[in-house]
Amino acid sequence: MVWGAGMNRAQKHTLVAEFSVEALGVLAEEAATLEPREKRTVVQWAADERILDPLTAPIPGRFNWDYTPFWIEPALAMSDPEVRAVIIQKPAQCGGTELTNNVIGWAIDENPVPLMVIMPSERDVTRRVDVRLRAMFQACPSLMRHLGGDLTNLNIGKETILDNCILYLAWASSAAALGDSPVCLVIFDEVDKYPDLVGREADPISLGQQRQRTFLFAKTLELSTPTDQWGHIHRDFQAGDRREWWAKCPHCGENHILRWANVQLDKTKEGKLLSPSEYAAGGHARYACPLCGSIWTEVERWEAVSAGRWAPAGQGVNADGKLTGKVKPNNRRSYHVSALMLNPVFMTTDRLAEKWAVARDRYHGGDHGGMIDFINSELGEVWAPTEATTDQTALAKHIGGYAFNTIPDGVRVLTAGVDVQMDCFYATVWGWGAGYENWLIARRRIETTSFGEGAAGAMDFEPLRAFLTETFPLPMIGKTEETMPISLTFIDAQYRTDQVYEFCAGFTGGDCYPARGEDGLRDGYMTPSKLERTTERRRRILRRGQLELWRCSTLLLKSQLARLMNVPNAGAGHMHLPEGTDEDFLKQMTSEHLRIERKRNRYGKMQNSRMWVLKPAHTANHYWDASYLALAAARHRGVHRLTETTTTPPKRTARRVSSMDRFRR
Ligand SMILES: [Zn+2]
C-alpha cells in the first residue's frame with residue numbers, strides 16, 4: 001500500500017501503524033503529523049485561536065462559546081456541506097459581530113476561499129475594521145501570518161490579497177460589492193440597513209449571490225436586526241427553515257420558545273407601568289414559565305437558555321431535548337435570536353423592562369420610534385402594526401348597499417381630493433358621518449388637454465371645474481328636496497403649482513384649497529402656510545384672494561386612511577364603497593404600505609422613520625392620493641366633532657384661516 005491522495009483515514013492509520021516507528025527513525029508524535037490534519041469547524045477554530053481584546057470585548061480573554069450557546073449551531077452550519085445559507089434575524093447587541101469575525105477568521109485560516117463581507121455603508125466597514133477586525137488579526141498569530149504580518153495590508157473597499165486567499169471588505173454601493181469577480185463565501189451584514197438600490201440592475205444581495213455561481217459549495221451568511229416584514233432579513237428568514245431557540249425550564253423540565261409576553265411586569269394600582277428608573281432599579285420584572293407558571297430568577301433564565309436547543313418551525317423539543325415532529329429538509333437555515341436569550345452579563349429582564357417602559361412612554365407621547373426600536377433591536381422581531389398595510393381582497397368586502405353619485409343616509413358632509421397628473425385629474429368625493437364613518441360618493445379620472453411639461457406647461461382646468469360644480473350638489477337618498485354640495489376640495493399643488501393656485505383663487509362652487517403632501521411634516525396632521533410670492537404671476541394670483549397652501553402629513557393622514565379601510569364592520573370608522581366599484585380603484589387604494597427606513601441622522605445615530613411607499617408590484621396610486629387629500633379636507637371641516645346626534649354638517653369655518661389655527665393631534 002502506497003501513501004496517496006485516494007486513501008481514507010483508516011487506510012492512512014494502518015499504513016502508519018505498519019511501519020515500525022524505530023525503523024523509520026522518527027518519534028511517534030512526528031508520525032502522527034504525517035497524517036493530514038482534519039479541518040477544524042468554526043467552533044473549534046475560534047476556541048483554539050481567538051483571544052478577545054480587553055478594549056473591545058465585554059468579556060476579554062480566550063473566546064468562549066458558553067456565553068452564547070445559541071451561536072454554536074449556526075457556526076457549525078458554516079462548515080456543513082448540506083447548508084447553503086445561514087440567515088440570522090437578531091437583536092442589536094447579541095454577539096453577532098463576534099460570530100461574523102469567527103467566520104471570517106476561520107475562512108481565512110482553515111477554509112481559504114475568496115470571501116467577501118458586505119456592510120451597509122463605507123462608514124460601517126471602516127468602523128468594523130478599525131474597532132473589531134484589526135483587533136482580531138492582531139490577537140491571532142495565524143491570521144497575522146496570512147496577512148504578511150502587517151495590519152496595514154488590510155484594505156477597505158477593494159481586495160486584500162492574503163497568502164492563501166482573497167478577502168473583500170466592502171459596503172453595499174462600493175465597486176467591490178457590485179463587481180463581478182467570483183467569491184465563494186459572502187457575509188451580508190446588517191442587510192436591513194442596505195440602501196434601496198431599486199432602479200439599478202440588482203441589489204447587492206442578488207449580485208453577491210450571482211458571483212457565487214462558479215463555486216459548487218458556495219456559502220452565504222446573512223445577518224441583521226430586522227425592520228418590518230418587507231425587509232431583506234425577514235423575507236429571507238421566512239424562506240429558510242425558521243429556527244427558534246427552545247429553552248428548558250429548570251422547574252418543570254419542559255421546553256418552550258422565550259417570549260416577551262411571558263415577562264411579568266409590576267404595575268401601579270391603576271394598572272399603569274412603573275417608571276423606567278423603577279424597573280432599572282430591579283425586582284419589578286420577572287420571566288414566568290408559560291407551562292408551569294414558575295418564576296425564573298436571572299440565573300435560572302440563563303440555565304434554561306444554556307440547556308436549550310434550536311428547532312425549525314413545525315418541530316418542537318420534548319423534555320429529553322429531542323426534536324418532535326417532521327419537516328422537509330431546507331438547505332437555508334434561518335435563526336431568530338431575541339434579547340431574552342442573552343447571558344445576564346449582557347442583558348437582564350430588568351433592563352429590558354426599563355427599555356420597554358421608555359418605549360411605552362414615548363409611544364403614548366406620539367413617538368413610535370422607541371417602540372419600533374424595542375421590537376426590532378431587543379426582541380429581534382419585525383414591526384407590524386395593523387395600520388401598516390392595506391389589502392385589496394379585504395377592501396372588496398366593503399362594496400355594496402348604495403350606488404355611485406347617490407348620498408346614503410348617515411352622510412353629513414362631502415369633501416373632495418384631487419390628484420393632478422400631466423394630462424388628467426384623479427378626483428374622489430367622500431361622504432363623512434359620525435366617528436369618521438365614510439362613503440365613496442364619486443371617483444373619476446378627468447381627461448383634459450395639456451400643453452408642455454413642468455413649470456412651462458399648462459393644462460385646461462375647465463373639465464375639473466365642471467366635475468366639481470355640475471355634478472354636485474347631489475340629492476340625498478329618500479329626501480328629494482335635500483341636496484348636498486361638496487363642502488371643501490383639496491387639490492394637490494405639487495405639479496402645475498401656479499395653475500392650481502389660480503384655479504383655487506378663482507373657484508366659486510365652494511371652498512377649494514391647494515395642498516401639498518409632505519413625508520417629514522412634524523406639525524400634526526396639517527398646517528397652513530403662506531404662499532411665497534416668488535413670481536409676478538403668483539403675486540397677481542394672490543392679490544385676487546387670500547389663499548393658503550395646506551401642508552399635509554402623508555404619514556399621519558395615510559395611516560388614518562389605512563385604519564379606516566381596515567375597520568371591518570359598518571359603523572364608526574368603516575369605509576363604504578358603492579356598487580360597481582372596480583378593481584382598478586381597489587388596486588390604487590391598496591397600492592402603498594408603511595415602511596421603516598433606518599437611517600443615520602446628522603449626529604450619526606441610527607433612527608427609524610416611517611413612510612408610506614408604493615408596494616413593489618404597484619405603479620398607480622392616484623385615487624389613494626386623492627382620497628387622503630379628501631380626508632385632510634374632512635379633518636379641516638371638523639368631521640371628528642360629528643356625533644350620532646348631530647343633524648347638520650358642522651359649521652363651515654371662515655375662508656380665511658389664521659396660521660395660528662393649526663390642526664394638531
Ligand atoms: Zn416550567
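**Sheets, helices and burial in a predicted model**

Mentor: Of the protein's 665 residues, 39% count as buried (20 or more other C-beta atoms within 10 Å of a residue's own, against 12 or fewer for exposed and in between for partly exposed, with C-beta atoms placed from the backbone). Keep in mind that this is a predicted model: local features need pLDDT of at least 70, side-chain atom pairs count only at pLDDT 80 or more, and totals for chains, interfaces and linings use all residues. Residue numbers start from 1 along each chain as its sequence is written.

Trainee: How many helices and strands are there in the protein?
Mentor: These are DSSP runs numbered from the N terminus (H or I, at least four residues, for helices; E, at least two, for strands). The protein has 22 helices, and its strands number 31.

Trainee: Among contacts between residues at least 6 apart in sequence, what percentage join residues at least 24 apart?
Mentor: A contact here has two C-beta atoms, placed from the backbone, within 7 Å. Counting contacts in the protein between residues at least 6 apart, the share joining residues at least 24 apart is 68%.

Trainee: Which strands stand at the edges of the eight-strand open sheet?
Mentor: Its order is E27-E28-E26-E25-E18-E19-E20-E29, with mixed pairing (a pair needs at least two DSSP bridges). Each edge strand has a single partner strand, so one side of each has no neighbour in the sheet. Those edge strands are E27 (526–530) and E29 (575–576).

Trainee: Why is strand E19 described as largely enclosed?
Mentor: Look at both partners to begin with: E18 (residues 413–420) runs antiparallel to E19 with eight bridges, and E19 pairs with E20 (residues 438–447) in the antiparallel sense over nine bridges. E19 (residues 424–432) is largely enclosed by the rest of the structure because its buried residues number eight of the nine.

Trainee: Which residue in E20 stands opposite Tyr426?
Mentor: E19 and E20 form a hairpin with five residues between them, and Gly435 in that turn has a positive phi of about 60°. Further matches across the sheet are Val429 opposite Ala442 in E20 and Gly417 with its bridge partner Thr428 in E19. As for Tyr426, its opposite number in E20 is Arg445.

Trainee: What angle does helix H18 make with E26?
Mentor: Helix H18 (residues 497–506) packs on the eight-strand sheet and touches E18, E25 (486–492) and E26 (511–518). Another helix, H20 (residues 554–565), lies across E20, E26, E28 (548–553) and E29, at about 60° to E28. Angles run from 0 to 180 degrees between N-to-C directions, with axes being lines fitted to C-alpha atoms, for helices over the stretch in contact. For H18 against E26 the angle is about 150°.

Trainee: Which helix packs on the open sheet of three strands?
Mentor: That sheet runs E11-E12-E13 with antiparallel pairing, and its edge strands are E11 (263–265) and E13 (295–296). E12 (residues 285–288) joins E13 through two bridges, and Ala288 stands opposite Ile295 in E13. The helix touching E11 and E12, at about 115° to E12, is H14 (residues 349–364).

Trainee: How far apart are the axes of H6 and H7?
Mentor: Helix H6 (residues 96–110) packs against helix H7 (residues 122–138) at about 45°. H6 brings Thr97, Asn101 and Gly105 to the contact, while H7 brings Arg132, Leu133 and Met136. Their axes are apart by 11 Å.
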